[in-house]
Amino acid sequence: MSWLLTPADWNPRRMLCGGSEILTMFWWCAGLTALACAARAFLYEPYQVEITRYQLEIDDLPDSFQGFTILQLSDLHISGLGSRERRLMEIIAREEVDLILNTGDLISSPRGIPVALQVIRGARSRYGTFFVYGNNEIEELRDLSDIRRPLEELGYQVLVNENRTLNLPHGTVHVIGVDDPKSYRDDLELAVTGLPESGLKILMSHTPETFEKACALGIPITFAGHTHGGQVRFPIIGAIWTDTPRTGIRYSAGRYLRDSRHLIVSRGLGWSLMPMRFLCLPEIVFVTLLKSPPGTSSGSDHRSTFEPERPPLRVSEPESSTSP
Ligand SMILES: [Fe+2]
(Lines give C-alpha, C1' and ligand atoms only; values in the text may rest on other atoms or scores of the structure.)
Protein backbone atom coordinates (compact mmCIF):
# COMPACT_ATOMS: atom_id res chain seq x y z
CA MET A 1 0.00 0.00 0.00
CA SER A 2 2.02 2.87 -1.30
CA TRP A 3 0.10 5.59 0.58
CA LEU A 4 1.08 4.30 4.04
CA LEU A 5 3.53 6.58 5.84
CA THR A 6 6.89 5.03 6.64
CA PRO A 7 9.60 6.64 8.79
CA ALA A 8 11.49 7.47 5.64
CA ASP A 9 8.49 9.46 4.40
CA TRP A 10 8.33 11.65 7.52
CA ASN A 11 9.23 14.85 5.79
CA PRO A 12 7.02 17.75 6.95
CA ARG A 13 7.98 19.91 4.00
CA ARG A 14 7.00 17.21 1.55
CA MET A 15 3.73 16.55 3.37
CA LEU A 16 2.70 20.20 3.52
CA CYS A 17 3.73 21.23 0.05
CA GLY A 18 1.53 18.72 -1.75
CA GLY A 19 2.34 16.11 -4.25
CA SER A 20 2.41 13.30 -1.69
CA GLU A 21 -0.17 10.56 -1.68
CA ILE A 22 -0.58 10.88 2.08
CA LEU A 23 -1.59 14.52 1.70
CA THR A 24 -4.12 13.60 -0.95
CA MET A 25 -5.58 10.97 1.34
CA PHE A 26 -5.73 13.46 4.18
CA TRP A 27 -7.70 15.97 2.15
CA TRP A 28 -10.07 13.29 0.89
CA CYS A 29 -10.77 12.16 4.46
CA ALA A 30 -11.20 15.73 5.69
CA GLY A 31 -13.54 16.55 2.83
CA LEU A 32 -15.69 13.46 3.32
CA THR A 33 -15.85 14.04 7.09
CA ALA A 34 -16.93 17.64 6.58
CA LEU A 35 -19.57 16.50 4.08
CA ALA A 36 -20.91 13.88 6.51
CA CYS A 37 -21.04 16.43 9.35
CA ALA A 38 -22.83 18.95 7.14
CA ALA A 39 -25.37 16.34 6.04
CA ARG A 40 -26.03 15.42 9.66
CA ALA A 41 -26.27 19.08 10.72
CA PHE A 42 -28.60 20.25 7.95
CA LEU A 43 -30.54 17.17 6.83
CA TYR A 44 -30.86 14.93 9.88
CA GLU A 45 -30.62 16.53 13.32
CA PRO A 46 -33.02 19.48 12.91
CA TYR A 47 -35.86 17.10 12.09
CA GLN A 48 -35.51 14.69 15.01
CA VAL A 49 -37.27 14.75 18.36
CA GLU A 50 -35.41 13.41 21.36
CA ILE A 51 -37.18 12.73 24.64
CA THR A 52 -35.07 13.55 27.68
CA ARG A 53 -36.16 12.30 31.08
CA TYR A 54 -34.73 13.67 34.29
CA GLN A 55 -35.26 12.52 37.83
CA LEU A 56 -34.76 15.51 40.13
CA GLU A 57 -33.95 14.74 43.74
CA ILE A 58 -35.31 17.68 45.72
CA ASP A 59 -34.31 18.41 49.30
CA ASP A 60 -37.24 18.46 51.73
CA LEU A 61 -39.71 17.40 49.05
CA PRO A 62 -42.91 16.35 50.80
CA ASP A 63 -43.58 12.62 50.42
CA SER A 64 -46.80 13.43 48.63
CA PHE A 65 -44.84 14.92 45.71
CA GLN A 66 -42.80 11.78 45.14
CA GLY A 67 -43.22 10.93 41.46
CA PHE A 68 -44.78 14.29 40.48
CA THR A 69 -44.34 14.67 36.72
CA ILE A 70 -43.69 17.74 34.57
CA LEU A 71 -43.48 18.12 30.79
CA GLN A 72 -41.38 21.02 29.57
CA LEU A 73 -41.92 22.29 26.05
CA SER A 74 -39.59 25.04 24.92
CA ASP A 75 -38.51 26.89 21.80
CA LEU A 76 -40.82 25.00 19.47
CA HIS A 77 -40.39 27.82 16.90
CA ILE A 78 -43.28 26.45 14.91
CA SER A 79 -43.84 27.88 11.45
CA GLY A 80 -45.48 24.92 9.72
CA LEU A 81 -46.67 21.37 10.18
CA GLY A 82 -43.85 19.02 9.17
CA SER A 83 -42.67 15.59 10.23
CA ARG A 84 -41.04 16.93 13.37
CA GLU A 85 -44.22 18.66 14.51
CA ARG A 86 -46.28 15.53 13.82
CA ARG A 87 -43.81 13.48 15.82
CA LEU A 88 -44.09 15.93 18.71
CA MET A 89 -47.88 15.67 18.60
CA GLU A 90 -47.66 11.87 18.85
CA ILE A 91 -45.32 12.01 21.84
CA ILE A 92 -47.21 14.55 23.90
CA ALA A 93 -50.57 12.95 23.22
CA ARG A 94 -49.63 9.60 24.70
CA GLU A 95 -48.38 10.72 28.11
CA GLU A 96 -50.39 12.60 30.73
CA VAL A 97 -48.34 14.59 33.25
CA ASP A 98 -49.10 16.60 36.37
CA LEU A 99 -47.91 19.96 34.99
CA ILE A 100 -47.00 21.30 31.56
CA LEU A 101 -44.55 24.18 31.43
CA ASN A 102 -44.01 25.92 28.10
CA THR A 103 -41.01 28.22 28.37
CA GLY A 104 -41.54 30.43 25.33
CA ASP A 105 -40.59 30.91 21.69
CA LEU A 106 -43.58 28.86 20.67
CA ILE A 107 -43.54 30.56 17.29
CA SER A 108 -41.02 32.12 14.95
CA SER A 109 -43.52 34.43 13.25
CA PRO A 110 -47.21 35.36 13.62
CA ARG A 111 -48.27 33.00 10.86
CA GLY A 112 -47.07 30.09 13.01
CA ILE A 113 -49.72 30.69 15.67
CA PRO A 114 -52.55 28.51 14.27
CA VAL A 115 -50.21 25.57 13.60
CA ALA A 116 -48.53 25.95 16.99
CA LEU A 117 -51.89 25.79 18.74
CA GLN A 118 -52.76 22.69 16.71
CA VAL A 119 -49.48 21.03 17.70
CA ILE A 120 -49.71 21.64 21.46
CA ARG A 121 -53.44 21.08 21.73
CA GLY A 122 -53.06 17.36 22.49
CA ALA A 123 -50.76 17.74 25.52
CA ARG A 124 -52.52 16.62 28.69
CA SER A 125 -51.87 17.75 32.25
CA ARG A 126 -53.78 16.90 35.40
CA TYR A 127 -53.27 20.16 37.25
CA GLY A 128 -52.24 22.96 34.92
CA THR A 129 -50.52 24.23 31.79
CA PHE A 130 -48.41 27.36 31.91
CA PHE A 131 -46.64 29.61 29.40
CA VAL A 132 -44.06 32.40 29.59
CA TYR A 133 -43.13 34.64 26.69
CA GLY A 134 -39.89 34.17 24.80
CA ASN A 135 -38.09 36.77 22.76
CA ASN A 136 -39.77 35.61 19.57
CA GLU A 137 -43.21 36.41 20.96
CA ILE A 138 -41.94 39.80 22.09
CA GLU A 139 -40.15 40.62 18.84
CA GLU A 140 -42.57 39.17 16.30
CA LEU A 141 -45.98 40.07 17.69
CA ARG A 142 -47.25 43.62 17.65
CA ASP A 143 -49.98 42.63 20.08
CA LEU A 144 -49.16 39.87 22.57
CA SER A 145 -52.85 39.14 23.02
CA ASP A 146 -52.66 37.54 19.54
CA ILE A 147 -51.03 34.58 21.23
CA ARG A 148 -52.16 35.04 24.82
CA ARG A 149 -55.87 34.83 23.99
CA PRO A 150 -55.76 31.55 22.03
CA LEU A 151 -53.41 30.02 24.59
CA GLU A 152 -55.83 30.87 27.36
CA GLU A 153 -58.63 29.36 25.31
CA LEU A 154 -56.55 26.16 25.25
CA GLY A 155 -56.34 26.26 29.03
CA TYR A 156 -52.90 27.81 29.37
CA GLN A 157 -52.14 30.29 32.12
CA VAL A 158 -49.72 32.93 30.82
CA LEU A 159 -47.42 34.21 33.56
CA VAL A 160 -45.88 37.66 33.15
CA ASN A 161 -43.76 38.44 36.23
CA GLU A 162 -46.38 36.79 38.41
CA ASN A 163 -47.23 33.52 40.09
CA ARG A 164 -50.11 31.11 40.52
CA THR A 165 -50.76 28.91 43.52
CA LEU A 166 -52.12 25.42 42.95
CA ASN A 167 -53.63 23.60 45.90
CA LEU A 168 -53.24 20.00 44.79
CA PRO A 169 -53.88 16.68 46.49
CA HIS A 170 -50.07 16.48 46.86
CA GLY A 171 -49.81 19.86 48.58
CA THR A 172 -49.27 23.43 47.45
CA VAL A 173 -47.33 24.34 44.30
CA HIS A 174 -46.41 27.90 43.37
CA VAL A 175 -45.69 28.28 39.65
CA ILE A 176 -43.72 31.46 39.02
CA GLY A 177 -43.22 32.93 35.56
CA VAL A 178 -41.04 35.83 34.47
CA ASP A 179 -41.40 37.86 31.29
CA ASP A 180 -38.71 37.41 28.63
CA PRO A 181 -35.21 37.94 30.08
CA LYS A 182 -33.69 38.23 26.61
CA SER A 183 -35.70 41.46 26.21
CA TYR A 184 -34.79 42.52 29.77
CA ARG A 185 -38.48 42.37 30.75
CA ASP A 186 -37.95 39.88 33.58
CA ASP A 187 -38.67 40.97 37.13
CA LEU A 188 -38.27 38.03 39.46
CA GLU A 189 -38.78 40.06 42.63
CA LEU A 190 -42.15 41.20 41.30
CA ALA A 191 -42.99 37.66 40.18
CA VAL A 192 -42.55 36.23 43.68
CA THR A 193 -44.46 39.03 45.40
CA GLY A 194 -46.82 37.69 48.04
CA LEU A 195 -45.53 34.12 48.01
CA PRO A 196 -45.42 32.40 51.38
CA GLU A 197 -42.41 30.43 52.60
CA SER A 198 -44.28 27.14 52.40
CA GLY A 199 -45.16 25.25 49.23
CA LEU A 200 -43.13 23.93 46.34
CA LYS A 201 -41.86 26.77 44.13
CA ILE A 202 -41.17 26.22 40.45
CA LEU A 203 -39.83 29.02 38.22
CA MET A 204 -40.39 29.33 34.48
CA SER A 205 -38.03 31.63 32.62
CA HIS A 206 -37.40 31.76 28.88
CA THR A 207 -33.65 32.05 29.36
CA PRO A 208 -31.51 30.58 32.13
CA GLU A 209 -30.22 34.04 33.05
CA THR A 210 -32.59 34.25 36.03
CA PHE A 211 -31.28 31.06 37.66
CA GLU A 212 -28.71 32.62 39.98
CA LYS A 213 -31.22 35.13 41.29
CA ALA A 214 -33.71 32.28 41.74
CA CYS A 215 -31.09 30.45 43.82
CA ALA A 216 -30.68 33.51 46.02
CA LEU A 217 -34.44 33.64 46.50
CA GLY A 218 -34.52 29.97 47.48
CA ILE A 219 -36.52 28.73 44.50
CA PRO A 220 -35.61 25.04 44.21
CA ILE A 221 -36.45 24.37 40.55
CA THR A 222 -36.06 26.56 37.47
CA PHE A 223 -37.06 25.61 33.93
CA ALA A 224 -35.53 27.53 31.01
CA GLY A 225 -34.76 27.26 27.32
CA HIS A 226 -33.77 29.76 24.62
CA THR A 227 -30.19 28.55 24.16
CA HIS A 228 -31.07 25.71 21.77
CA GLY A 229 -28.11 24.03 23.42
CA GLY A 230 -25.91 26.28 21.31
CA GLN A 231 -27.33 24.49 18.21
CA VAL A 232 -23.81 23.37 17.36
CA ARG A 233 -21.95 21.41 20.01
CA PHE A 234 -18.53 19.82 19.95
CA PRO A 235 -17.36 16.73 21.79
CA ILE A 236 -15.93 17.51 25.24
CA ILE A 237 -16.29 21.31 25.00
CA GLY A 238 -20.02 21.41 24.23
CA ALA A 239 -21.51 24.72 23.08
CA ILE A 240 -19.25 27.53 21.98
CA TRP A 241 -21.88 30.28 22.03
CA THR A 242 -25.37 30.95 23.37
CA ASP A 243 -27.44 34.10 23.13
CA THR A 244 -27.33 34.74 26.88
CA PRO A 245 -25.07 37.73 27.58
CA ARG A 246 -25.74 37.76 31.31
CA THR A 247 -24.49 34.21 31.92
CA GLY A 248 -22.50 33.37 28.79
CA ILE A 249 -22.38 29.67 27.94
CA ARG A 250 -22.53 28.53 31.60
CA TYR A 251 -26.02 27.13 31.21
CA SER A 252 -26.13 25.99 27.59
CA ALA A 253 -28.16 22.78 27.97
CA GLY A 254 -29.04 20.07 30.44
CA ARG A 255 -29.35 19.95 34.20
CA TYR A 256 -27.43 22.09 36.64
CA LEU A 257 -27.20 22.17 40.40
CA ARG A 258 -26.19 25.09 42.57
CA ASP A 259 -26.65 25.22 46.34
CA SER A 260 -29.36 22.53 46.17
CA ARG A 261 -31.25 24.49 43.51
CA HIS A 262 -31.93 22.78 40.20
CA LEU A 263 -31.96 24.25 36.71
CA ILE A 264 -33.20 22.48 33.62
CA VAL A 265 -32.23 24.08 30.30
CA SER A 266 -34.04 22.55 27.36
CA ARG A 267 -32.35 22.44 23.98
CA GLY A 268 -35.76 23.22 22.53
CA LEU A 269 -37.21 21.90 19.34
CA GLY A 270 -36.58 24.61 16.77
CA TRP A 271 -33.67 26.60 15.44
CA SER A 272 -32.43 30.14 15.04
CA LEU A 273 -30.88 31.71 11.94
CA MET A 274 -30.85 28.53 9.86
CA PRO A 275 -32.14 24.94 10.08
CA MET A 276 -28.97 23.49 11.49
CA ARG A 277 -28.06 21.49 14.58
CA PHE A 278 -24.98 19.42 15.26
CA LEU A 279 -24.60 17.02 18.19
CA CYS A 280 -27.53 18.92 19.65
CA LEU A 281 -30.78 17.11 18.87
CA PRO A 282 -34.10 18.88 19.35
CA GLU A 283 -35.70 17.74 22.59
CA ILE A 284 -38.69 17.76 24.84
CA VAL A 285 -38.17 17.19 28.54
CA PHE A 286 -40.01 15.09 31.07
CA VAL A 287 -39.13 15.55 34.74
CA THR A 288 -40.05 13.38 37.70
CA LEU A 289 -39.61 14.81 41.17
CA LEU A 290 -38.11 12.58 43.83
CA LYS A 291 -37.32 13.12 47.46
CA SER A 292 -33.59 13.19 48.20
CA PRO A 293 -32.69 9.98 50.05
CA PRO A 294 -31.55 10.58 53.66
CA GLY A 295 -27.85 11.38 53.81
CA THR A 296 -27.59 12.18 50.10
CA SER A 297 -28.98 15.65 50.25
CA SER A 298 -28.04 17.68 47.18
CA GLY A 299 -27.63 20.54 49.64
CA SER A 300 -24.33 19.03 50.70
CA ASP A 301 -23.01 19.53 47.19
CA HIS A 302 -21.11 22.80 47.16
CA ARG A 303 -19.46 22.54 43.80
CA SER A 304 -18.33 25.93 42.63
CA THR A 305 -18.71 25.11 38.96
CA PHE A 306 -21.93 25.11 37.01
CA GLU A 307 -21.27 21.96 35.08
CA PRO A 308 -24.25 19.67 34.40
CA GLU A 309 -25.02 17.55 37.41
CA ARG A 310 -24.45 13.81 37.21
CA PRO A 311 -25.22 13.29 33.50
CA PRO A 312 -25.77 9.51 33.87
CA LEU A 313 -29.09 10.20 35.60
CA ARG A 314 -30.42 11.45 32.33
CA VAL A 315 -32.17 8.96 30.09
CA SER A 316 -32.67 9.94 26.49
CA GLU A 317 -34.71 8.20 23.88
CA PRO A 318 -33.88 8.94 20.27
CA GLU A 319 -36.81 9.20 17.92
CA SER A 320 -36.27 5.78 16.42
CA SER A 321 -36.53 4.07 19.81
CA THR A 322 -39.71 5.82 20.80
CA SER A 323 -41.82 5.20 17.76
CA PRO A 324 -45.18 3.86 18.73
FE1 LIG B 1 -35.54 32.54 22.57
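**Exercise 1. Take stock of the chain: how many helices and strands does the protein chain have, and what share of its residues is buried?**

*Solution.* Start with the secondary structure: eight helices and 17 strands make up the count for the protein chain. Helices here are DSSP runs of H or I with at least four residues, strands are runs of E with at least two, and both are numbered from the N terminus. Keep in mind that this is a predicted model, in which local features need pLDDT of at least 70, side-chain atom pairs count only at pLDDT 80 or more, and totals for chains, interfaces and linings use all residues. Residues are numbered from 1 along each chain as its sequence is written.

Next, burial: 38% of the 324 residues count as buried. A residue is buried if 20 or more other C-beta atoms lie within 10 Å of its own, exposed if 12 or fewer, and partly exposed in between, with C-beta atoms placed from the backbone.

Finally, look at contacts, meaning residue pairs whose C-beta atoms, placed from the backbone, lie within 7 Å. Among contacts between residues at least 6 apart in sequence, 75% join residues at least 24 apart.

**Exercise 2. Trace the six-stranded open sheet: in what order do its strands stand, and which strands are at the edges?**

*Solution.* Walk across the sheet and you meet β8-β9-β10-β11-β15-β14, with mixed pairing. Two strands pair if DSSP finds at least two bridges between them. At the edges stand β8 (162-168) and β14 (254-258); each has a single partner strand, so one side of each lacks a neighbour in the sheet. On average, neighbouring strands are turned by 20 degrees against each other, direction ignored. For such angles, axes are lines fitted to C-alpha atoms, for helices over the stretch in contact, and angles run from 0 to 180 degrees between N-to-C directions.

Now go pair by pair:

- β8 and β9 are antiparallel, with seven bridges; a hairpin of two residues links them, and R164 has V175 in β9 as its bridge partner.
- β9 and β10 (residues 200-204) are parallel, with five bridges; here G177 stands opposite M204.
- β11 and β15 run parallel and are joined by four bridges, with A224 opposite V265.
- β14 and β15 (residues 261-265) are antiparallel over five bridges; G254 is partnered by V265, and R255 by I264.

**Exercise 3. Examine β15: which residues lie on each of its faces?**

*Solution.* Sort the residues by side. R261, L263 and V265 lie on one side, H262 and I264 on the other, and all are buried. With five of its five residues buried, β15 is therefore largely enclosed by the rest of the structure.

**Exercise 4. Find the surroundings of V173 and I176: which residues does each touch beyond four places in sequence?**

*Solution.* Begin with V173, which sits in strand β9 (residues 171-177). V173 is buried, having 20 other C-beta atoms within 10 Å. Beyond four places in sequence, V173 contacts L166, L168, G199, L200 and I202. One of these, G199, is 26 residues away along the chain, yet the two C-alpha atoms are 5.5 Å apart.

Move on to I176. With the same kind of sequence neighbours left out, I176 touches N163, A191, V192, K201, I202, L203, M204 and I219. In the largest nonpolar core, which has 61 residues, I176, L203 and M204 touch the most other members. A nonpolar core is a set of buried Ala, Val, Leu, Ile, Met, Phe, Trp, Tyr and Cys residues joined through C-beta atoms within 7 Å. As background, nonpolar side chains in soluble globular proteins tend to be buried together.

**Exercise 5. Check the backbone: what is phi at H226, H228 and D259?**

*Solution.* First, the usual case: most residues other than glycine have a negative phi. H226, although not a glycine, has a positive phi of about 75 degrees. H228 also has a positive phi, near 55 degrees. H226 lies in the loop between β11 (221-224) and β12 (233-234), and H228 lies in the loop between β11 and β12 too.

Then check burial. H226 is buried, with 28 other C-beta atoms within 10 Å; H228 counts as buried with 28 C-beta neighbours inside 10 Å.

Last comes D259: in the hairpin of β14 and β15, with two residues between the strands, D259 takes a positive phi near 50 degrees.

Technical notes. Contact = placed C-beta atoms within 7 Å.
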